[in-house]
Structure formats: structure tokens, C-alpha cells
Amino acid sequence: MTDVFHRPADWRIVPERRVFEVSWDDGQVAEYDWEQMRRACPCAYCSGEGGYRGNVNEATTFSEKQTTLTEVHPVGRYGLTPVWGDGHETGIYTFKMLRRAAGLE
Ligand SMILES: [Zn+2]
């Protein structure tokens, strides 16, 4: 297994299909379903931290706003932060995490 650190070459929000599309620097293109992406939000509020369980799990029901991706901002050189329709924007999705979620190394 190589330890190459891949970055997105480009990304776009595709509202017609409610997916987030990332074109990686190695030519791979991955799509992320908005709801699955929101459910995987890694912020402390959603996924918990330390002994705190977090507010989101497999059974969580989201509103349409909560699963509507409105903007995506880069975070340093290692990740990105989605801005959701309800204003939630505290999750930092690392490139590593996104690659793994798409089944890419
Ligand atoms: Zn969150």
C-alpha cells in the first residue's frame, strides 16, 4: 500500500442528483450522496468526542435542509468543509476520509 496523499483537482455540487462530485488528482472521480455525507459529519456535535456520543447515528432522520449541500470550502491543504442548508458547517472532511469513503486509497 502506498502512502500517496491525494487531493481533489476539482469538485462540484450537483443539485440535480443531490451528490457532491470530486475529481481527484489521480484521475479518479467520486460521487458522495448528500445524505450519507451529512450522516458521516465528523464534527463533535454530530459524531461525538471522547465520552460524548454525538447527536447523529444510523437512525437519525434529517430534514431536506439538513441534507442540502449549499457550499464547500477548502480547509488548509488537507480537507474541506461543507455548508448545509440548515447552516451547519462545523464538519471537516479530510481528503483521506473522502478517499476512503469512496473506496479509493
Ligand atoms: Zn456535524
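Two strands are said to pair if DSSP finds at least two bridges between them. In this predicted model, strands S1 and S2 pass that mark, since six bridges join S1 to S2 and the two run antiparallel. One of the places to see this pairing is Pro8, whose bridge partner in S2 is Trp24.

It helps to place this pair within the chain as a whole. The secondary structure of the protein chain comes to three helices and six strands, and from the N terminus on these elements run β-β-β-α-α-β-β-β-α. The radius of gyration of the protein chain is 14 Å, close to the 13 Å that the globule rule gives for 105 residues, so the chain is as compact as a globular protein of that length. Taken along the principal axes, a box of roughly 35 × 35 × 25 Å is filled by the C-alpha atoms of the protein chain. Of the 105 residues, 13% count as buried, and among contacts between residues at least 6 apart in sequence, 30% join residues at least 24 apart.

Returning to the N-terminal strands, the reader can follow the chain from S1 into S2 through a hairpin that has four residues between the two strands. Arg18 lies in this loop, between strand S1 (8-14) and S2, and has a phi near 50 degrees, a positive value in a residue other than glycine. As background, most residues other than glycine have a negative phi. Arg18 counts as partly exposed because it has 16 C-beta neighbours inside 10 Å, a count that falls between the limits of 12 or fewer for exposed and 20 or more for buried. Arg12, which is placed in strand S1 itself, counts as exposed, because 11 C-beta neighbours lie inside 10 Å. The C-alpha atom of Arg12 is separated by 9.2 Å from that of Glu71, although the two residues are 59 apart along the chain.

From S2 the chain continues into a second hairpin, in which S2 and S3 have four residues between them and Gly27 in the turn has a positive phi of about 95 degrees. These two strands pair in the antiparallel sense over five bridges, and Ser23 has Val29 as its bridge partner in S3. Asp25 has its place in the loop between S2 and strand S3 (29-33), where it is partly exposed because 13 other C-beta atoms lie within 10 Å. Not counting residues up to four places away in sequence, Asp25 touches His6, Arg7 and Ala9. Its C-alpha atom is also separated by 9.7 Å from that of Phe5, a residue 20 places away along the chain.

Further along, three strands form an open sheet in the order S4-S5-S6, with antiparallel pairing. The edge strands of this sheet are strand S4 (69-75) and strand S6 (93-94), each of which pairs on one side only. Between S4 and strand S5 (residues 79-84) the antiparallel pairing extends over six bridges, and His73 finds its bridge partner in S5 at Thr81. The hairpin of S4 and S5 has three residues between the strands, and within this hairpin Gly76 takes a positive phi near 50 degrees.

What remains is the interior. In soluble globular proteins, nonpolar side chains tend to be buried together. Here the largest nonpolar core has nine residues in all, made up of Phe20, Val22, Tyr32, Trp34, Met37, Leu69, Trp84, Tyr93 and Leu98. Strand S2 (19-24) and helix H1 (34-39) each supply at least two residues of this core. Within the core, Leu98 gives an example of how its members meet: leaving aside its neighbours within four places in sequence, Leu98 is in contact with Val22 and Tyr93. Strand S2 thus appears twice in this account, as a strand joined to S1 by six bridges and as a supplier of at least two residues to the largest nonpolar core.

Terms used
Residues are numbered from 1 along each chain as its sequence is written. This is a predicted model: local features need pLDDT of at least 70, side-chain atom pairs count only at pLDDT 80 or more; totals for chains, interfaces and linings use all residues. A nonpolar core is a set of buried Ala, Val, Leu, Ile, Met, Phe, Trp, Tyr and Cys residues joined through C-beta atoms within 7 Å. Two residues are in contact if their C-beta atoms, placed from the backbone, lie within 7 Å. The radius of gyration is taken over C-alpha atoms; the globule rule is 2.2 Å times the number of residues to the power 0.38.
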